[in-house]
Amino acid sequence: MQTTNVVHHVISICPPIFTIVLEWEKSETDKEIYETIEALEWEIDISRLYEGLEPNTNYRLVSMVGYGEEDEEHICMVYEKNRWTNFRRESLLGEVVGNKWKSLVTFCGERKVRPEILLYAADKCIEKPSIDV
């Protein structure tokens, strides 16, 4: 008989930002990196993670810090003005990645970017990203 461990997480006030941190082994294959990125969601309903919140308490990904294997540096991806932009140390203007969620997934997969810090903002506070394929 299989048993499940139930952990109750309770939160009563929604924070403006919700953060997820991923830790990598550094030995992942290209396929594992891409599959992990592809499995990430641009929208999270934290009422499914925490008790005490109204249903559909949605947060959307607005920024991501990741380690780019090809360039051997950390990069910051930001969603603003209806597009994803890659900001690197040497470029304050940024490189436009695209206006769709799939653009970000493809960019990270091609450049072998391991997402490390994901910053989600409360849905009511941000503009909605385009998720078309």
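**Helix pair and cavity**

The axes of helix H1 (residues 30-39) and helix H2 (residues 101-110) come within 9 Å and cross at roughly 165 degrees. H1 is therefore roughly antiparallel to H2 (angles over 145 degrees count as such). This is a predicted model: local features need pLDDT of at least 70, side-chain atom pairs count only at pLDDT 80 or more, and totals for chains, interfaces and linings use all residues. Residues are numbered from 1 along each chain as its sequence is written, and side-chain values use heavy atoms, without hydrogens or water.

**Helix contact**
- The crossing of H1 and H2 is right-handed (the near helix is turned clockwise from the far one by less than a right angle).
- H1 brings Tyr34, Ile37 and Glu38 to the contact (heavy atoms within 4.5 Å).
- H2 brings Lys102, Val105, Cys108 and Gly109.
- The contact residues divide into 4 nonpolar, 1 polar and 2 charged. Gly counts as polar here.

**Cavity**
- The whole structure holds 1 cavity of 30 Å³ or more. A cavity is a set of points on a 1 Å grid over the protein atoms alone, where a 1.4 Å probe fits but cannot get out.
- The largest cavity has a volume of about 60 Å³ (the space filled by probe spheres set on the points).
- Its lining residues, with an atom within 4 Å of a point, include Asp71, Arg88, Phe107 and Arg111.
- By class, the lining has 3 nonpolar, 2 polar and 4 charged residues.

Technical notes
Axes are lines fitted to C-alpha atoms, for helices over the stretch in contact, and angles run from 0 to 180 degrees between N-to-C directions. Helices (H or I, at least four residues) and strands (E, at least two) are DSSP runs, numbered from the N terminus. Angles under 35 degrees count as roughly parallel, over 145 as roughly antiparallel, 65 to 115 as roughly perpendicular and the rest as oblique. On a 1 Å grid over the protein atoms alone, a cavity is a set of points where a 1.4 Å probe fits but cannot get out, and a pocket is an open set with protein on both sides within 12 Å along at least five of seven lines; lining residues have an atom within 4 Å of a point.
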